[in-house]
Amino acid sequence: MVIHISSHSPFEAKIGYSRAVIDGTMVYVSGTTGYDYKTMVMPDDVREQARNAFATISHALEEAGSTIKDTVRVRYYITDMAHYDGLVEVAGKVFGDIRPAATMLVCGLTRPEMKVEIEVTARIGAHEH
């Protein structure tokens, strides 16, 4: 059974996706940018964007019965290598002890204010094993 998780972002309905999808014991979290979804403001600083993205991801994982500690795969998308150090600073604090498989791509994102997008795959209860 597949279960869809929503963060109630206006982008979900417009584009037609879910923040996360649970399939069995796996949770697939969509690419998440740095919007503060309470204010719909995108901070300029890549570190703040990354913190906001991780907060949104963490919330979706918790709603799915998982945690950021259950992450087994992470994909980072940045718009410029100049953002690398800021993203790594934040990501290292989040995943330093978890050490999921990771990929980072430099690419364009859908809006010019977006500097980073983060996508994760987690297993429910993975950190308990």
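**Group meeting: a walk through the strands and helix 2**

Okay, let's start with the pairing: strand 4, residues 71-78, and strand 5, residues 101-106, run parallel and are joined by six bridges. Keep in mind that this is a predicted model. If you want one pair to click on, take Tyr-76, whose bridge partner in strand 5 is Met-104. Now add helix 3, residues 84-95: together with strand 4 and strand 5, helix 3 makes a right-handed β-α-β unit.

On to helix 2, residues 46-63. Does its length add up, and what should 18 residues span? At 1.5 Å a residue, they should span 26 Å, and the end C-alpha atoms are 26 Å apart, so that agrees.

Have a look at the two ends. At the start, a side-chain oxygen of Asp-45 comes to within 3.1 Å of the backbone nitrogen of Arg-47. After the helix you get Gly-65, with a positive phi near 85°.

Which residues of helix 2 are buried? Among them are Val-46, Gln-49, Ala-50, Ala-53, Ile-57 and Leu-61. Remember that a helix has 3.6 residues a turn, so residues three or four places apart point the same way. The cover over the buried residues of helix 2 includes strand 1, strand 2, strand 3, strand 4, helix 3 and strand 6.

Last stop is Thr-33, in strand 3, residues 26-33. Is Thr-33 buried or exposed? Its relative accessibility is 6%, and buried means under 20%, so Thr-33 counts as buried. Leaving out residues up to four places away in sequence, Thr-33 touches Met-42, Ala-53, Met-114, Val-116 and Glu-117. And Ala-53 is one of those buried helix 2 residues.

Conventions
Residues numbered from 1 in each chain as written. Predicted model: local features only at pLDDT ≥ 70, side-chain atom pairs only at ≥ 80, totals over all residues. Heavy atoms only, no water. Helix = DSSP H or I, 4+ residues; strand = E, 2+ residues; numbered from the N terminus. Buried < 20%, exposed > 50% of the residue type's maximum accessible area, 1.4 Å probe, protein only. Contact = heavy atoms within 4.5 Å. Pairing = 2+ DSSP bridges. Right-handed = clockwise from strand over helix to strand, strands pointing away. Expected span 1.5 Å × (residues − 1). Polar contact = N/O pair within 3.5 Å; in protein donor to acceptor, adjacent residues only side chain to side chain.
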